[in-house]
Amino acid sequence: MPTGKGRGIAVGEAFNTFVAQVAEVSIDESGQVHVDRVVCAVDCGTPINPDVITAQMEGGIGFGLGAVLYGAITLKDGHVEQDNFNSYRVLRMNEMPKVEVHIVPSTEAPTGVGEPGVAPLGPAVANAIFAATGKRIHVLPFPKTEAT
């Protein structure tokens, strides 16, 4: 990939559902991470309602992305500083990456699709940042980094 861009992959399992995600990121000149695209494959047994499965994966990706990029709770003088959305940053609609969801065909018993889409997102993005910069991230939320 070009300088300042990277792809990362991660796989997770929860509630007998397997989810793999590939995140594509770009790092701008200020070091801000932008997640441009996430491709998600989900094996949740027999897909009962594909639209709901897709919506759950998309929602989990958005929720997870907000957490890894902005989800800090800070304390000052023993008190939490964030008390509402004016002081706790969440992912904005214009920051949502392009998401592709691929449902694995299966004849196994149906499994859960609520939370499983959240867990792989952070590791996939961290791996993509590593691919773009050569630097590992070990803290949440992800700090600004430097493009190479």
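**Exercise 1. The turn between E2 and E3**

Task: In this predicted model, determine how many residues separate E2 and E3 in their hairpin, and which residue in the turn has a positive phi.

Solution:
1. The hairpin formed by E2 and E3 has 5 residues between the two strands.
2. Within that turn, glycine 31 has a positive phi of about 90 degrees.
3. The two strands pair in the antiparallel sense, over 10 bridges.
4. One pair can be named: serine 26 has histidine 34 in E3 as its bridge partner.

**Exercise 2. The turn between E1 and E2**

Task: Describe how E1 is joined to E2, and state which residue in the turn has a positive phi.

Solution:
1. E1 and E2 also form a hairpin, with 2 residues between them.
2. In this turn, phenylalanine 15 has a positive phi of about 55 degrees.
3. The strands run antiparallel and are joined by 10 bridges.
4. Among the facing residues, alanine 10 has glutamine 21 of E2 as its bridge partner, and glutamate 13 stands opposite phenylalanine 18.

**Exercise 3. The sheet and the helices on it**

Task: Establish the strand order of the open sheet, identify its edge strands, and locate the helices that contact the strands.

Solution:
1. The open sheet has 4 strands in the order E1-E2-E3-E6, with mixed pairing.
2. Strand E1 (5–14) and strand E6 (98–103) are the edges, since each pairs on one side only.
3. Neighbouring strands are turned against each other by 15 degrees on average, direction ignored.
4. Helix H1 packs on the sheet, where it touches E2, E3 and E6, and its direction makes about 135 degrees with that of E6.
5. Helix H2 (residues 121–133) lies across E1, E2 and E3, at about 155 degrees to E1.
6. Strand E2 is mostly covered, with 8 of its 11 residues buried.

**Exercise 4. Helix H1 and alanine 67**

Task: Compare the length of H1 with the expected value, find what its buried residues pack against, and classify alanine 67 as buried, partly exposed or exposed.

Solution:
1. H1 has 21 residues and reaches 30 Å from its first C-alpha to its last, close to the 30 Å expected at 1.5 Å a residue.
2. The buried residues of H1 include Ile53, Met57, Ile61, Leu65 and Leu69.
3. These buried residues pack against E2, E3, E6 and H2.
4. Alanine 67 also lies in H1 (residues 50–70). Its relative accessible area is 34%, so alanine 67 is partly exposed.
5. The C-alpha atom of alanine 67 is separated by 9.6 Å from that of valine 118, which is 51 residues apart along the chain.

**Exercise 5. Cysteines without a disulfide**

Task: Explain why cysteine 40 and cysteine 44 are not bonded to each other.

Solution:
1. The structure holds 0 disulfides.
2. A disulfide requires two cysteine sulfur atoms within 2.5 Å.
3. The cysteine sulfur closest to that of cysteine 40 belongs to cysteine 44 and is 9.8 Å away, which is too far for a bond.
4. Both residues are buried: cysteine 40 has a relative accessible area of 0%, and cysteine 44 has a relative accessibility of 2%.

**Exercise 6. The surroundings of serine 106**

Task: Decide whether serine 106 is buried or exposed, and name its contacts beyond its sequence neighbours.

Solution:
1. Serine 106 is found in the loop between E6 and H2.
2. Buried means under 20% relative accessible area; at 19%, serine 106 is therefore buried.
3. A polar atom of its side chain lies 3.0 Å from the backbone nitrogen of glutamate 108.
4. Leaving aside neighbours within four places in sequence, serine 106 is in contact with Asp43, Gly45, Thr46 and Pro47.

Key
Residues numbered from 1 in each chain as written. Predicted model: local features only at pLDDT ≥ 70, side-chain atom pairs only at ≥ 80, totals over all residues. Heavy atoms only, no water. Buried < 20%, exposed > 50% of the residue type's maximum accessible area, 1.4 Å probe, protein only. Pairing = 2+ DSSP bridges. Axes fitted to C-alpha atoms, helices over the stretch in contact; angles between N-to-C directions. Contact = heavy atoms within 4.5 Å. Expected span 1.5 Å × (residues − 1). Polar contact = N/O pair within 3.5 Å; in protein donor to acceptor, adjacent residues only side chain to side chain.
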